Every structure is written in structure tokens, then in C-alpha cells.
Amino acid sequence: TEPYRSGRRDEDAGSPDARVQSFFSREITHKYDFEDFVSDCIYVTKKEIFEYEITPYTINENFVLDNFFCVKKPIKMYSGCIKASFLKELFSRHGNNLFYKNIRFAIRKSPVNIGIQNTVTNTPDRLLYYHNGITFICDKISEKAISATSNSIKHLSVNGLSVVNGAQTISSLSNTETIDENALVQIRIIETDDAQLSTSITQYNNHQNAV
């Protein structure tokens, strides 16, 4: 790995161990005991990080979609509305594990998050119109044979679930104390076992022009 750059001259940089020692002495002296911290550290390259296989946290959940529609080819996808309160419960059960295929985890505080919370609190019936929606990918979607009071409602069993766009919305909902039942969010659930397709869906859903 490249040496940590702090504006010092190269001759002052010293060995890799000395650079690490110097960095942590400056940055976290008052937060950690250096010896205890370094004892758990190893040197890795970027290539090793990207090649490292991580066993994913598997999430299986049941969804109730209202005003749904389904696209079966070329890729199965269900879309519809879901209660914002359900998304809050989803985060309380799984936390940031919901986002393991996303490009980022939840950001605790931002103007966007505060705006979402204000909408949910003050005008919950407008959340559906103000929000872009949430995209999930999963390994498998199965329709559940449950009688519904309306033909527009669909009960789904979803296996291997992950959020690939909408982490900030879900985290904002999780930090909202009370969510009205009229607060709805539009979602998509896409079924695929193609790793490259999953990556492309994640990248394109998070590629936005600045406003």
C-alpha cells in the first residue's frame, strides 16, 4: 500500500510500521490504545480486498404489495406500494445488513433524511408522491396463496433480499418515532441470480445527475 501522506518529507516517513505508528498516534491517540488496536490489524492490498469472499447475511421476508404489477420476462420483477411502517420494521430486524449489496450504508443525518422524516410526520399521505421509491434485488420471489380483500393486493415470500437503492429512505423511516398508516412507498423487487446483473442494477440505480 502507498505510504500515508501528511505533508512530511519522504525522508521523515520511515518504515511502514513507523508510518502506521505515526498516523494512529496523531489521529486516534485519545480514542484507542494503540498497541491493542494494531495487534488486530493486517496489511492487505486493494486486489485482496475485492477478491475476498464474504458470506452474505441472508434475509427472507414476507411482503404485502398494494396496487401491484408483475413483469415476468426477461427478468421477474414485482412493483407496487408498501407501508412505510413495514420498512421501519424491516430495518429494526436487519439493520445495515439490508444493504450488503448496496454501494453504501445508511447515512445517519443529512438534509435529505430530515426532509423524508418531515414528510412522514407532517404530510404522510404525500410520501408516495414525493419519493422516488426503493429497489430491492433477491434470489427468489414466490407468490403466497393468501386470500386478499382486493385483487390489487399481492402477498409475496422473498428470499435473499437486499436493498440496492433507498438506504437513506429506510434509515430515515427507522428514525421516525411514529409513522401513519397512510404513508406509502413505491418499491420494486427484482429476482436474479446473475451477479453481474445485480451489480449493474445497483450501479445504474445509484447513478444520478446533480440537481
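**Lys-154 and its partner**

I looked up Lys-154 first and found that this residue is buried, because its relative accessible area is 18% and the limit for buried is under 20%. I was working on a predicted model throughout. Lys-154 forms a salt bridge with Glu-143, and the closest N and O atoms of the two are 3.1 Å apart. Lys-154 belongs to strand 5 and Glu-143 to strand 4 (residues 140-143), so this pair ties together parts of the chain that are eleven residues apart in sequence. For Glu-143 I noted a relative accessibility of 41%, so I entered this residue as partly exposed.

**The other salt bridges I followed**

A search of the whole structure gave four salt bridges, and I wrote up further pairs from that search. Glu-61 and Arg-93 meet through their side chains, with an N to O distance of 3.0 Å. This pair links distant parts of the chain, since Glu-61 is in strand 1 and Arg-93 is in helix 4, 32 residues apart. I recorded Glu-61 as buried because its relative accessibility is 10%, whereas Arg-93 is partly exposed at 42%.

I then turned to Glu-191 and Lys-76, whose side chains meet in a salt bridge at 4.0 Å, N to O. Here too distant parts of the chain are linked: Glu-191 lies in strand 7, Lys-76 lies in the loop between strand 1 and strand 2, and the two are 115 residues apart. Glu-191 is partly exposed, with a relative accessibility of 21%, and Lys-76 is also entered as partly exposed, with a relative accessible area of 24%.

**The nonpolar cores**

I next asked which residues have the most contacts inside the largest nonpolar core. That core has 31 residues, and the ones with the most contacts inside it are Phe-63, Leu-87, Phe-136, Ile-187 and Ile-189. At least two residues of this core come from each of strand 1 (60-71), strand 2 (77-83), helix 4 (84-94), helix 5 (111-122), strand 3 (134-138), strand 5 (154-159), helix 7 (167-174) and strand 7 (184-191). Helix 4 gives the most, with five residues. As background I noted that nonpolar side chains in soluble globular proteins tend to be buried together.

I took Leu-87 as an example and, leaving aside its neighbours within four places in sequence, found it in contact with Ile-82, Ile-134, Phe-136, Ile-170, Leu-173 and Val-185. Apart from the largest core lies another one of five residues, among them Met-77, Val-164, Ile-190 and Ile-201.

**Thr-169**

I wanted to know whether Thr-169 is buried or exposed. Thr-169 has its place in helix 7, and I counted this residue as buried because its relative accessibility is 5%. The side chains of Thr-169 and His-131 are joined by a polar contact of 2.3 Å. Not counting residues up to four places away in sequence, Thr-169 touches Ile-116, His-131 and Ile-134.

**Cysteines**

Finally I checked how many disulfides the structure holds, and the result was zero. Looking up cysteines one by one, I entered Cys-81 as buried at 12% relative accessibility, and Cys-138 as buried with a relative accessible area of 1%.

Key. Residues are numbered from 1 along each chain as its sequence is written. This is a predicted model: local features need pLDDT of at least 70, side-chain atom pairs count only at pLDDT 80 or more; totals for chains, interfaces and linings use all residues. Side-chain values use heavy atoms; hydrogens and water are left out. A disulfide is a pair of cysteine sulfur atoms within 2.5 Å. Buried means under 20% relative accessible area, exposed over 50%, partly exposed in between (1.4 Å probe, protein chains only). A nonpolar core is a set of buried Ala, Val, Leu, Ile, Met, Phe, Trp, Tyr and Cys residues joined through side-chain atoms within 4.5 Å. Helices (H or I, at least four residues) and strands (E, at least two) are DSSP runs, numbered from the N terminus. Contact means heavy atoms within 4.5 Å. A polar contact is a pair of N or O atoms within 3.5 Å; within protein, one must be able to donate a hydrogen and the other to accept it, and residues adjacent in sequence count only if both atoms are side-chain atoms.
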